[in-house]
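I opened the model to look up its overall dimensions first and its strand pairing second. My notes follow in that order.

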Amino acid sequence: MAEPATPSAGEPPVIELRNASKTFGEVRALSGVDFLVNRGEIVGLLGDNGSGKSTLVKLVMGFYQPDAGGEIYFHGERIDNWSVARARSLGIETVYQERALCEKQPIWRNMFMGREPHTRWGLLDVKHMREESARLMSEHMGFTSAAVHPDNVVATMSGGEKQGVAITRALYFEAELVILDEPTMGLSLTETRKTLDFIRNIKKAGKSAIFIDHNIFNVYPVVDRLYVLDRGKVAGVYARSEITMDELIDRLYRVARTGSMG
Amino acid sequence: MANEALPARPADNRGAPPSVFRRYGSQLGIIGVGFAMWLGFVIAAPAVFTNVDIYRAFAQTTPQFGIIALSLTFVVITGEIDLSFPSVMALGTAAFCLVTAYGGAPWWVGLVCGFATGALCGLVNGLLVAKLNIPSLVITIGTQFLYRGLELVLMNGTGVPLIADQYPQMHALLREDLFGVPVQTLWMVAILIALWVLLNRTRFGAHIFLVGDNQTSARLMGVDVVSVKIRAFVLVGVTAVFCGLLTSIYGYYFWPSTGDGSLLNTIASVFLGGTSVFGGTGSVIGTFVASYIIGAINAGVVSAGVNAFYTQLAFGLVIVISVVLQTIIDRRIRRQSVTGQ
């Protein structure tokens, strides 16, 4: 399978995994996977339950370390002590499936969760947090400032709006690579559409993303490249321009039956 | 945006900041209940409750547990509880007495040793709860006996006189009036302001709310859950020793049983003040007001000529009613979170 042309040829990828494997006891969740994301690229991950999507993503976000023999490169530089803290400090943000919000707290508190700004006296800059939240909500989430006031608690928001907060938060902190783990799960059609718009905005902002979703109809229209995983291995890598949705569906069926793209 | 073509959502009320009632409804409601009880006492014993002396007495005695209630609010917001503080009051004060009365060290060395003891007790509680994930309700019952036992062994069950001649600075700091106001209440106001700032205007305070609301989310977003909880328990330990000293200096004597009987008042103050037993929400101002209401109930039941056994009944009612109200409010928030309305 051909490695497709990259949008930023010549520049090393933002993140690259070489020969990454991950074993849990007897179970080999990933074996010898090569995976990369270029700058300004949205990469889709498709695969059935148990195909290794989630393990692969957890390697990228630093939750797991690869088994011996696997290597991780960030902007072409090999990184040995990979951890969540390290990944976040380098600008890898994750929008978790469960969204990682605190529902009884006001929106502004969620927006700056874990990275609260403070004044030079060391006190929280609540005013800045409120104002920035209102601005981000109107600029990135399409709320006019009159729609939802940032003092309202997250529990008053719809699923799509909550997802918007989670994504906007990831973008705000100068993330270079945003990982979206099943972001459309449990969302209505309108909300899903909104979420896909948020993902397109990531690309517009010149940042990269990894998009994991069960639903190929959500993934295909927004990604630049697609990895198809099966039983812990990369079964195929496609640039979207190389393959139509129908062909892709056809191949996914074939993978499910035979374990190979053929 | 892509949803331009869609019909506008029905207007909702989220454009404005939530109303005062919505934001502080639970606190206002619960304090209303306490206030009604207090009014009942005024009617039952007008001679006592219209006299300024009773309020002076509240102002001297309420801070003896109210200051712990303020810091306990932090622990309750994180979704935990500390039941060991009555013993920490005694153990820390015992450390003060051992160092000063028996060891001959100056008063301020005693203070440092007392506070260090309180901090250490809080650290042990925090480590057991946050690091080992033991339910705080269970483990702090255990440490309550542990700390009390340690204090009784150290003091051999005897008390220490703390008269003004021997401890003039301590009496000036913790017992005498300042500008005609009992110094205990001035301390409580100062500590309220400090803790309000800590809770509402520092990253530590912000993390207290996040940890109590959703520990998993907080952890995923890089909040150090273990450290936040440990610091909250240490805060309770230190303030418990402060209240132990306040109580002992007020009575001119350190009793080995110091702290006994403060458990119920303190916890009732936190819950009456509107801090949720489920964590994630709460206010030190609510706790502050509630402490004085609890103090009033304490004295009120007795001065109303009612059998003192009724105080237990009153506190029990306060705790049950406030927790039930909190549960109903919490359930409403959760339902709202499902429907988005």
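I checked the radius of gyration of chain A in this predicted model. Chain A has 19 Å, and a compact globule with 262 residues would have a radius near 18 Å, so the two agree. Next I looked up the extent of the C-alpha trace. Along its principal axes, chain A spans about 55 × 40 × 40 Å.

Then I turned to burial. In chain A, 47% of the 262 residues count as buried. I took a buried residue to have 20 or more other C-beta atoms within 10 Å of its own.

I also looked at contacts in chain A between residues at least 6 apart in sequence. Of these, 69% join residues at least 24 apart.

Secondary structure came next. I noted eight helices and 10 strands in chain A.

In which order do the four strands of the open sheet in chain A run? I read it as β2-β1-β4-β5, with antiparallel pairing. Strands β2 (27-37) and β5 (77-79) of chain A are the edges, and each pairs on one side only. I looked up the twist as well: neighbouring strands of this sheet are turned by 30° against each other on average, direction ignored.

Last, I followed one pairing inside the sheet. Over how many bridges do β1 and β2 of chain A pair? Strand β1(A), residues 15-24, meets β2(A) in the antiparallel sense over seven bridges. I picked out one residue to trace across: A:Leu17 has A:Phe35 in β2(A) as its bridge partner. As a reminder to myself, strands of a sheet pair through backbone hydrogen bonds, either parallel or antiparallel.

Notes: Residues are numbered from 1 along each chain as its sequence is written. Chains are lettered from A and ligands numbered from 1 in the order in which they are written. This is a predicted model: local features need pLDDT of at least 70, side-chain atom pairs count only at pLDDT 80 or more; totals for chains, interfaces and linings use all residues. Two strands pair if DSSP finds at least two bridges between them. Helices (H or I, at least four residues) and strands (E, at least two) are DSSP runs, numbered from the N terminus. Axes are lines fitted to C-alpha atoms, for helices over the stretch in contact, and angles run from 0 to 180 degrees between N-to-C directions. The radius of gyration is taken over C-alpha atoms; the globule rule is 2.2 Å times the number of residues to the power 0.38. A residue is buried if 20 or more other C-beta atoms lie within 10 Å of its own, exposed if 12 or fewer, and partly exposed in between; C-beta atoms are placed from the backbone. Two residues are in contact if their C-beta atoms, placed from the backbone, lie within 7 Å.
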